[in-house]
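Colleague: Let us talk through the aromatic rings in this model. Show me the sequence and structure, please.

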Amino acid sequence: MGFSLSKLFNKTETTEDTIDAIIASVEHEAYGVSESNVLFSGLNELGGYFFFQTIVVGALNVKCKNGATLTFKGKNFELSLDSDSLEFESHHTEVKGRYVTNIDFQIEESDIKKLQNATLSEIILKVKKQELLFTKYTSEKSTK
């Protein structure tokens with residue numbers, strides 16, 4: 001006779017978290033979405049160095065010591081950025097199964113304009129042995 005501890009304590013193994021729930025709960029505009037993660041981003045400059053700051057919110061749960069790569073692909077456009085720091089990790093949130101991962105990427109000033117003018121088809125985050133494929137997010141607000 002078998003029994004399940006998760007049923008006994010009324011807990012499920014999977015989360016009810018959705019992309020829409022993540023987007024609704026974060027104040028900032030989403031940059032990209034994948035199956036179970038949302039990518040938020042922004043450009044920043046510190047002392048003449050430029051950074052593409054990203055926050056991944058969702059199922060990504062990683063502790064990395066070898067850095068990450070962020071690749072933007074579009075029509076006649078491809079740009080790969082390396083993470084500024086080799087070490088970073090995801091942090092739990094109050095929502096079961098949801099994590100927050102902050103990763104900053106180095107970007108050259110000359111690439112900023114190219115990226116802003118590009119029509120992106122996909123954004124790929126490679127971290128450890130994982131490859132997350134994001135599509136550019138367009139909110140209903142920006143299409144009206």
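Modeller: What follows covers ring pairs, burial and one charge over a ring. This is a predicted model, where local features need pLDDT of at least 70, side-chain atom pairs count only at pLDDT 80 or more, and totals for chains, interfaces and linings use all residues. Residues are numbered from 1 along each chain as its sequence is written, and side-chain values use heavy atoms, without hydrogens and water.

Colleague: How many aromatic pairs are there?

Modeller: Rings of Phe, Tyr and Trp (its six-membered ring) pair if their centres lie within 6.5 Å; planes under 30 degrees apart are stacked, over 60 edge-to-face, the rest tilted. By this rule the count is three.

Colleague: What geometry does the pair of Y31 and F52 have?

Modeller: The ring centres of Y31 and F52 are 5.6 Å apart. Their planes meet at 70 degrees, which makes the pair edge-to-face.

Colleague: Which strands does that pair link?

Modeller: Strands are DSSP runs of E, at least two residues, numbered from the N terminus. Y31 and F52 are 21 residues apart, in strand β1 (residues 30-33) and strand β3 (residues 49-58).

Colleague: Is F52 buried or exposed?

Modeller: Buried means under 20% relative accessible area, exposed over 50%, partly exposed in between (1.4 Å probe, protein chains only). F52 has 3% relative accessibility, so F52 is buried.

Colleague: Which residues form the ring cluster?

Modeller: F52 also pairs edge-to-face with F72, at 5.3 Å centre to centre and 90 degrees between the planes. F72 lies in strand β5 (residues 68-74), so this pair ties together parts 20 residues apart in sequence. Ring pairs thus link Y31, F52 and F72.

Definitions and conventions: Helices (H or I, at least four residues) and strands (E, at least two) are DSSP runs, numbered from the N terminus.
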